[in-house]
Amino acid sequence: MVDKVKVDRRVIKTKKAIHQAFLTLFYTKNIESITINDIADLANVNRGTVYLHYSDKYDLLDHLIAEHIQNMIGFCNPDSGARMRDELTPLFEYLKANIAFLRLCLLRIRQLYFESI
């Protein structure tokens, strides 16, 4: 029997605060302008707490993007036998609910890519 790893509620609450703080800043500032101090201040945690969970702001962004990708993959189940419309409806509802973040990621990543050329 495999024991489930129990995550401390404080860790979950702290990460949620960090994510929310980052997203708030990400919606209003260029990622290059966001500092770990900004994130920590807005999340009401110490700077070291942010570094305890993420190596830098780009690592935090990567985790947020990976979380969204995992959530979207979870909606895909081609072997379920359901009609495609029934399969895709939850995915499109998820995309609609998270459109601001996803759109911003695509715009910012495109900007970074074209600026580096």
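**Entry 1: helix α4**

I started with the buried positions of α4. K57, D59, L60, L61, L64, H68 and M72 are buried there. I note that this is a predicted model.

Next I checked the length of α4. The helix covers residues 57-74, 18 residues in total. At 1.5 Å a residue the expected span is 26 Å, and the end C-alpha atoms are 26 Å apart, so the two agree.

Then I looked at the start of the helix. A side-chain oxygen of D56 comes to within 3.1 Å of the backbone nitrogen of Y58.

**Entry 2: D59**

D59 sits in helix α4. What is the nearest side chain of opposite charge to D59? I found K15, at 9.0 Å. D59 is buried and has no salt bridge.

I then looked for other partners of the D59 side chain. I found the backbone nitrogen of S55, reached at 2.9 Å. Setting aside neighbours within four places in sequence, D59 is in contact with H53 and Y54.

The backbone of D59 was also worth a look. Its oxygen lies 2.8 Å from a polar atom of the H63 side chain.

**Entry 3: H63**

H63 is in helix α4 too. Is H63 buried, exposed or partly exposed? I read a relative accessible area of 38%. H63 is therefore partly exposed, since the value falls between the 20% and 50% cut-offs.

I took one distance from H63 across to α1. The C-alpha atoms of H63 and H19 are separated by 9.4 Å. Along the chain these two residues are 44 apart.

**Entry 4: H19 and helix α1**

H19 lies in helix α1. Its relative accessibility is 14%. Buried means under 20%, so H19 counts as buried.

What does H19 touch beyond four places in sequence? I listed Y54, L60, L64 and E67. With Y54 there is a polar contact between the two side chains, at 2.6 Å. I also took the C-alpha separation of H19 and L61, which is 8.8 Å. That pair is 42 residues apart along the chain.

I then went through the rest of α1. Its buried residues are T14, I18, H19, A21, F22, L23, L25 and F26. For its 20 residues, 1.5 Å a residue gives an expected span of 28 Å. The end C-alpha atoms are 29 Å apart, which agrees.

**Entry 5: the nonpolar core**

I looked up the largest nonpolar core. It has 22 residues. Which residues have the most contacts inside it? They are I18, F22, F26, I39 and F101. At least two core residues come from each of α1 (9-28), α2 (36-43), α4 and α6 (99-115). α1 gives the most, with six residues. In soluble globular proteins, nonpolar side chains tend to be buried together.

I followed F101 further. Leaving out neighbours within four places in sequence, F101 is in contact with L23, F26, Y27, L61, L64, I65 and H68. Among these, L23 and F26 are on the buried list of α1. L61, L64 and H68 are on the buried list of α4.

**Entry 6: salt bridges**

How many salt bridges does the whole structure hold? My search found two.

One joins the side chains of D8 and R10, at 2.5 Å from N to O. D8 is partly exposed, with a relative accessible area of 32%. R10 is exposed, at 62%.

D38 and K29 form a salt bridge as well, with their closest N and O atoms 3.0 Å apart. D38 is partly exposed at 24% relative accessible area. K29 is partly exposed at 27%.

**Entry 7: the whole chain**

Last, I stepped back to the overall content. The protein chain has six helices and zero strands. From the N terminus on, the elements run α-α-α-α-α-α.

What share of the 117 residues is buried? I noted 29%.

I closed with contact range. Counting contacts with a separation of 6 or more, 56% are between residues 24 or more positions apart.

Notes
Residues numbered from 1 in each chain as written. Predicted model: local features only at pLDDT ≥ 70, side-chain atom pairs only at ≥ 80, totals over all residues. Heavy atoms only, no water. Helix = DSSP H or I, 4+ residues; strand = E, 2+ residues; numbered from the N terminus. Expected span 1.5 Å × (residues − 1). Buried < 20%, exposed > 50% of the residue type's maximum accessible area, 1.4 Å probe, protein only. Polar contact = N/O pair within 3.5 Å; in protein donor to acceptor, adjacent residues only side chain to side chain. Core = buried A, V, L, I, M, F, W, Y, C linked by side-chain atoms within 4.5 Å. Contact = heavy atoms within 4.5 Å. Salt bridge = Lys/Arg side-chain N within 4 Å of Asp/Glu carboxyl O. Lys, Arg positive; Asp, Glu negative; His and termini not counted.
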